Amino acid sequence: MNYSSTNGDTQVGSLCEALFQTFSSKGGLLMPEVINLLPKEFLLNLHTFSFQEICLKVCLNLFGDEIPEEDLAKIIQKAFNFEIPLVEIYEKEVYSLELFHGKTLSFKDIGMSFMAELMSYFLEKEKESQDITVLVATTGDTGSAAASAFFKRKGIKLCILYPKNKLSLLQEKQLNTWGENITALEIDGTYEDCKNLVREVLIDKELNKKIRLTTANSHNIARLLPQCVYYFWAVAQLKGEKRTTIFSVPSGNFGNLTAGIIAKKMGLRISRFIAATNINDVVPQYLLNGSFEPRPAIRTISSSMDTGNPVNFKRLLTLYNHSYTRFSADIAGYRLTDRRTKNTLKDLYEGYNYLADPHSTVAYAALKNYLTPESEVGIFLASAHPVKYYEVVKQTIPDVELEMPSFLEETLRKEKKVVSLSSKIDGLKAFLSNTPN
Ligand SMILES: *Cc1c(COP(=O)(O)O)cnc(C)c1O
């Protein structure tokens, strides 16, 4: 499979190269050049396959020319070692796809652990393997998922960049208490600054001659593609349902939604998608008026969706051949304020006895707004466990029974190990150059 750039410059020849390089030579994002349809018998009989079987079929379709089936099966087994249940909220109409049963309690564990396994797999196959440094910018969930996936992995170092004084104590501690091969870099700036820093060092030719660098942000196609599997698994769990499915996706950088569109391109029966955001709504705005205007992010209670310049917007455009008409025929936009998010979180709990985190709540509200139950089944993606957003959930429903898991409590007690840097590129470059490999 070739991977081509959203900038239209050089293409990259293989998954392995795409994984380790992330960007095209001119800094474009990579996309698979073709997305093959899956066989009809498979698509029509999804509900007869196991989770592992579905993952294997989907991954073979995406990566099969480069990784032998038995190796891919092993990678899947190691990476996807937790449940992804579809929970009925009410009356065969609204379902929650719980993507948060991985180690760090967000959906990011799924793409991240697959990517980490893939990296170890390709590194082991190299004759003279040179250590690699993986960079990741985060507002919390990406960084903790990356740390958990890469912790103590041979030949790989992880640097987590997060904005200083912008995260809750619990979020910070999940990033800066690891040690070993994980370094937390506290950046005096915003999340957008962290994202820009990662991109800038990755496309810096001189630095990349000296050290081997890549990223675990959703710029990296190897993290994004594995996310296609759970769309198939969700539909499989509807067990032969006749109506088509509408997916509501809580979105920030739009990796999750991009994976859904790719699943649809592989032939999965999906009527449409909802791009659900908090007030950082540049994509819903684009869907309203056809103009995409990035702007600085505003802080909200669904903080992992606080981005004003979504990374994967270019990929979405590419998937629709830059046609606004096709884009907006497939995707509807929705935005929710914090106040309404809190009200909906409460309603969902009191009305249906379902406790959702703020991000998943945004997706649920968006689904309620658009669902036409006569012809569609609605699934919203539940992207984080409510306990991961303990403070907000407790504030919204004070008498809720929500116990902090012991591993999170332990994290709170651990000592912080952190390197502080400015938001200037030179500081990060110097840090990376001076850290022995
Ligand atoms: C990262 C994240 C999102 C947004 O996902 P994207 O793929 O960036 O759109 C939503 N919810 C939670 C809990 C997240 O951590």
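This report describes the domains of a predicted model, the interface between them, and two salt bridges.

**Domains and annotated spans**

The domain assignment splits the protein into two parts, each built from two stretches of chain. Domain 1 takes in residues 53–103 and 223–396, while domain 2 takes in residues 109–219 and 413–434. Their C-alpha centres are 25 Å apart.

UniProt carries two domain annotations, both from an unreviewed entry. The feature "domain: Threonine synthase N-terminal" is placed at residues 2–80, and the feature "domain: Tryptophan synthase beta chain-like PALP" at residues 95–376. The table sets out what the model shows over each span.

| Annotated span | Helix | Strand | Distance between end C-alpha atoms |
|---|---|---|---|
| Residues 2–80 | 46% | 8% | 25 Å |
| Residues 95–376 | 45% | 17% | 12 Å |

**The interface between domain 1 and domain 2**

At the interface, 37 residues of domain 1 contact 30 residues of domain 2. The two domains bury about 2,700 Å² between them, and 56% of that area is on carbon and sulfur atoms. On the domain 1 side, Ile75, Arg223 and Lys388 together account for 26% of the area buried against domain 2, more than any other three residues.

Polar contacts also cross this interface: 17 residue pairs qualify, with both residues at pLDDT 80 or more. Three helices, H3 (51–63), H4 (69–79) and H10 (221–224), each provide at least two residues to the side of domain 1 that touches domain 2. Of the contributors to that side, H4 gives the most, with six residues. Sorted by class, the residues on this side of domain 1 are 18 nonpolar, nine polar and 10 charged.

**Salt bridges**

The whole structure contains 14 salt bridges, and the count between domain 1 and domain 2 is two. In one of the salt bridges found in the model, the side chains of Lys78 and Glu117 meet at 4.0 Å, N to O. By the residue ranges of the assignment, Lys78 falls in domain 1 and Glu117 in domain 2.

A further salt bridge joins the side chains of Lys429 and Asp204, with an N to O distance of 2.6 Å. Lys429 sits in helix H20 (residues 425–434) and Asp204 in the loop between helix H8 (191–202) and helix H9 (205–210), so this pair ties together parts that are 225 residues apart in sequence. Both residues fall within the ranges given for domain 2, Asp204 in 109–219 and Lys429 in 413–434.

Notes:
Residues are numbered from 1 along each chain as its sequence is written. This is a predicted model: local features need pLDDT of at least 70, side-chain atom pairs count only at pLDDT 80 or more; totals for chains, interfaces and linings use all residues. Side-chain values use heavy atoms; hydrogens and water are left out. Domain bounds come from an automatic or database domain assignment. Contact means heavy atoms within 4.5 Å. Buried area is the accessible area (1.4 Å probe) that two parts lose on being put together, summed over both. A polar contact is a pair of N or O atoms within 3.5 Å; within protein, one must be able to donate a hydrogen and the other to accept it, and residues adjacent in sequence count only if both atoms are side-chain atoms. Helices (H or I, at least four residues) and strands (E, at least two) are DSSP runs, numbered from the N terminus. Ala, Val, Leu, Ile, Met, Phe, Trp, Tyr, Cys and Pro count as nonpolar, Asp, Glu, Lys and Arg as charged, and the others, Gly among them, as polar. UniProt positions are given in the numbering used here, feature names are shortened, and annotations may be inferred rather than shown by experiment.
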